[in-house]
Amino acid sequence: HCLGVVDLSTVSPCEGDCMSVRARRQKEKEERLSLLFWRRPVTTLHYFLLETLIKIKEWTLKLWQRRGAVLLFLVLCVLFSTAYSTEGSHQHYVQYLEKKFLWCAYWVGLGILSSVGLGTGLHTFLLYLGPHIASVTLAAYECGSIDFPEPPYPDQIICPQDGGMESNISLLSIMSKVRLEACMWGAGTAIGELPPYFMARAARQSGADPDDEDYEEFEEMLEQAEGAQDFVTRAKLGVQHMVQKVGFFGILACASIPNPLFDLAGITCGHFLVPFWTFFGATLIGKAIVKMHIQKLFVIITFSKHIVEQMVSLIGSVPRVGASLQKPFSQYLEAQRNKLHHAGGNTPADENWLSWVFEKVVLVMVVYFVISIVNSMAQSYAKRLQQQRHLEEKTK
């Protein structure tokens, strides 16, 4: 690998070749990153479709290699489908299992998307889980009860008819109401950390270069560990040293706090051949239990009734624009409270610009996420073309 800073006056021919390789890789990386939908839409879509076909072919071959497991899965699906369509007293349990499975799979999938991101850094906690916890918190204080229908909820959370007392609502009761969704989302984020681990582990065991930018950056950081580093690199080295030296509890500590540098932990554990269950077990406990309860508690406290009322009053105290901003916030909260006490078509239809803005922000983020997937897959295909060109040059 070509790493570090080299004095051009003292380079050897071998080092010169090494530097040219680095320059070529950097140029190719810049070419790939310039392949964006809003710059070159036709080429990006073309490459995206070709990469999609290649991925489908690769996945089909992998499934064929594991056809025994696929056959067992299909048999289980047929048995479940038969039980699902056959009338009998078991229908209640089958429908309950289906409901729970789909609900858990939904949140696990969102957690995986948040962790993997496909090059977008999309955090589905801000888009889905956080608003869900906030809506349950507001509903609990408004209804004086957490006896909503079992998840997945209807289109709207409706207060129970008998109502309840606000004094019966506590942080623990609200946390227990959203524990399943939060833990499933946290488990999904832990699963999303596995690809970097397996990639780095396979590269270390085989001695081959995976040609991955993140892995190359990791190896370069290890080589330059003794030199002067900026704050970000030193923070990455701190995570790497903790994971490497402390082991299970180091991984658990890094996974238990909101840590944007945890992406490095998977590569570190794979590179130093940390056992799979040590890495995944610590990551799962840290993300799905410890960190998830911290995030959940923060959202519940932030959106508790008294805190929200204080926030609205603080908005009104802002000079000049406070009154104009306080009114739509108050109207939005009042509309949400009214929805909790009206079922079906009797729901008030009043909307204000605040809810309209929230909906459009979420829509824009989702659209950007989809476009980023297209960009990422198109850049992956461009990388395939570059690798193929290098192979053809070597064979000449």
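These are legends for a set of close-up views of one predicted protein model.

**View 1. The whole chain, to get your bearings.** Residues are counted from 1 along each chain as its sequence is written, and side-chain values use heavy atoms, with hydrogens and water left out. Since this is a predicted model, local features need pLDDT of at least 70 and side-chain atom pairs count only at pLDDT 80 or more, while totals for chains, interfaces and linings use all residues. The protein has 16 helices and 0 strands; helices (H or I, at least four residues) and strands (E, at least two) are DSSP runs, numbered from the N terminus. Of its 396 residues, 34% are buried, where buried means under 20% relative accessible area, exposed over 50%, and partly exposed in between (1.4 Å probe, protein chains only). Look at contacts (heavy atoms within 4.5 Å) between residues at least 6 apart in sequence: 69% of them join residues at least 24 apart.

**View 2. How much should you trust each part?** The predictor's confidence in each residue is called pLDDT and runs from 0 to 100. Its mean over the protein is 76, and 74% of the residues reach 70 or more. Among the elements, helix α2 (residues 41–65) has the highest mean, 91, and helix α9 (residues 213–223) the lowest, 59. Over residues 1–8 the pLDDT stays under 50, and the model has 17 contacts beyond four places in sequence for them. Residues 344–350 are also below 50, with 7 contacts beyond near neighbours in sequence. Where pLDDT is low, don't read the predicted coordinates in detail.

**View 3. Two of the spans that UniProt marks.** The unreviewed UniProt entry places the feature "transmembrane region" at several stretches, including residues 242–258 and 361–382. UniProt positions follow the numbering used here, feature names are shortened, and annotations may be inferred rather than shown by experiment. In the model, residues 361–382 are 100% helix and 0% strand, with end C-alpha atoms 31 Å apart. Residues 242–258 are 76% helix and 0% strand, and their end C-alpha atoms are 16 Å apart.

**View 4. Inside the largest nonpolar core.** A nonpolar core is a set of buried Ala, Val, Leu, Ile, Met, Phe, Trp, Tyr and Cys residues joined through side-chain atoms within 4.5 Å. The largest one here has 24 residues, and Leu129 and Trp185 have the most contacts inside it. Helices α4, α5, α6, α7 and α13 each give two or more residues to this core, and α5 gives the most, with 9. Leaving out residues up to four places away in sequence, Trp185 touches Leu129, Trp107, Phe125 and Met292, among others. A second, separate core of 13 residues includes Leu194, Leu252, Val274 and Phe280.

**View 5. Leu297 and its far-off sequence partners.** Leu297 sits in helix α13 (residues 276–302) and is partly exposed, with a relative accessible area of 31%. Beyond residues up to four places away in sequence, Leu297 touches Leu171 and Met175. Leu172 is 125 residues away along the chain, but its C-alpha atom is 9.0 Å from that of Leu297.

**View 6. Pro196 in helix α8.** Helix α8 covers residues 194–206 and holds Pro196, which is partly exposed at 23% relative accessible area. Outside residues up to four places away in sequence, Pro196 touches Gly266 and Ile267. The C-alpha atoms of Pro196 and Gly270 are separated by 7.5 Å, with their positions 74 residues apart along the chain.
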